[in-house]
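I opened a new structure today and kept notes as I went. Here is what I looked up, entry by entry.

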Amino acid sequence: MLLRQRLLLLALPAALLACAAQAQEKFIVLASTTSTEQSGLFKHLLPQFTQASGTAVRVVAVGTGQALDMARRGDADALFVHDQPAEQKFVAEGFGQERRAVMYNDFVLIGPRADPAGTRGNAIAAALQRLADTGADFVSRGDNSGTHAAELRQWKLAGVDLAAAKPAGYKECGCGMGQALNIAASTGAYVLADRGTWLSFKNRADLGILVEGDKQLFNQYGVIVVNPARHPHVKKELAQGFADWVVSPAGQAAIASYTIGGEQLFFPNATQ
């Protein structure tokens, strides 16, 4: 018994130091999209921010719609998402502070290399019309993400009213980008994807890029600090530090330097 008491006393200082270190750790919660996580960008970017600032970033990677909902509830300190109309609405409603452009890439239509529906080209509206006419299998994320919102806009521009009647091959998975690509790979379906996740995707099977280069496929990312007037517990200073860094020359250079197979995934376009 005496030995046990001595061992407990010896262990106490180490335990107290660990608790103190945990209490002193600086971190923010960042609600972001699956594309920034699954593309590997954050593994490249965030350690550089932490080294420069001493602030850790705990990422919750979900669809943009879910990320915005998290921030509305005060469950995040900052947002890094890609649905500009929804982001502007979030700020206009007083939930977020200034929205700042960070970087961009584009969406691409992925499908079987043989392209049985005949979609190949650089016009996304024409491609989606072909998918609707032929009834080819198409996997929609169906998860209220930024990519899903972009996909819905493209169907509308193609003159396809999904609310009235979905095309015969249209399927919603309610899942992230990686899962949607896996479903497309295993079933030979078409899917709209962000280029960053596609470039980092390994299980491609017979899939390839069929439509790219349409200006309608532009994909802008933004950063927003959650408004502390709505949620006083938000770590405004730390979150602002992240927002400032990611649009700074150092942050923009870090984004530009991220490549896979020599191909750049994201293109910084912050305005100071």
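My entries below go from the whole chain to single residues.

**Ground rules.** I am working with a predicted model, where local features need pLDDT of at least 70, side-chain atom pairs count only at pLDDT 80 or more, and totals for chains, interfaces and linings use all residues. Residues are numbered from 1 along each chain as its sequence is written, and side-chain values use heavy atoms, with hydrogens and water left out.

**The whole chain.** I started with the secondary structure. The protein chain has eleven helices and twelve strands. Helices (H or I, at least four residues) and strands (E, at least two) are DSSP runs, numbered from the N terminus. I then looked up the extent of the C-alpha trace, which spans about 80 × 45 × 40 Å along its principal axes.

Next came burial. Of the 272 residues of the protein chain, 50% count as buried. Buried means under 20% relative accessible area, exposed over 50%, and partly exposed in between (1.4 Å probe, protein chains only). The accessible surface of the chain comes to about 12700 Å². Carbon and sulfur atoms hold 55% of that surface. These areas come from the Shrake-Rupley method with a 1.4 Å probe; for residues, only the protein chains shown count as cover.

I also looked up contacts, meaning heavy atoms within 4.5 Å. Among contacts with a separation of 6 or more, 75% are between residues 24 or more positions apart.

**The disulfide.** How many disulfides does a search of the whole structure find? It finds one. I count a disulfide as a pair of cysteine sulfur atoms within 2.5 Å. Cysteine 173 is joined to cysteine 175, with 2.0 Å from S to S. The torsion about their S-S bond is about -80°, so this disulfide is left-handed. I checked both partners for cover. Cysteine 173 is partly exposed at 25% relative accessibility, while cysteine 175 is buried at 7%.

**Helix α8.** This helix covers residues 177–187. I noted its buried residues: Met177, Gly178, Ala180, Leu181, Ala184 and Ala185. Seen down the axis of α8, they fall within an arc of 160°, so they line one face of the helix. The arc is that of the directions from the helix axis to the C-beta atoms. Gln179 and Ser186 are exposed on the other side of α8. Glycine 188 follows α8 and has a positive phi, near 70°.

**Tryptophan 198.** I found this residue in helix α9 (residues 195–200). Is tryptophan 198 buried or exposed? It is buried, with a relative accessible area of 2%. Which residues does tryptophan 198 contact, leaving aside neighbours within four places in sequence? They are Ile110, Leu181, Arg204, Leu207, Gly208 and Ile209. I also looked up leucine 265, which is 67 residues away along the chain; its C-alpha is 9.6 Å from that of tryptophan 198.

**Phenylalanine 201.** This residue lies in the loop between α9 and β8 (207–211). It is buried, at 9% relative accessible area. Not counting residues up to four places away in sequence, phenylalanine 201 touches Gly178, Leu181 and Asn182. I went back to the α8 entry here, since Gly178 and Leu181 are among the buried residues of that helix.

**Glutamine 154.** Glutamine 154 sits in helix α7. Its relative accessible area is 5%, and it is buried. Its contacts, leaving aside neighbours within four places in sequence, are Ile124, Leu128, Gln216 and Leu217. Glutamine 154 and alanine 168 are 14 residues apart along the chain, and their C-alpha atoms are separated by 17 Å.

**Positive phi.** I looked up backbone angles last. Most residues other than glycine have a negative phi. Aspartate 115 is not a glycine, yet its phi is positive, about 50°. Aspartate 115 lies in the loop between β4 (96–112) and α6 (124–134), and it is buried, with a relative accessible area of 9%. Asparagine 144 is not a glycine either, and its phi is positive at about 60°. I placed asparagine 144 in the loop between β5 (138–140) and α7 (146–157).

**Serine 257.** My final entry is a loop residue, between α11 (249–256) and β10 (259–260). Serine 257 is partly exposed, with a relative accessible area of 42%.
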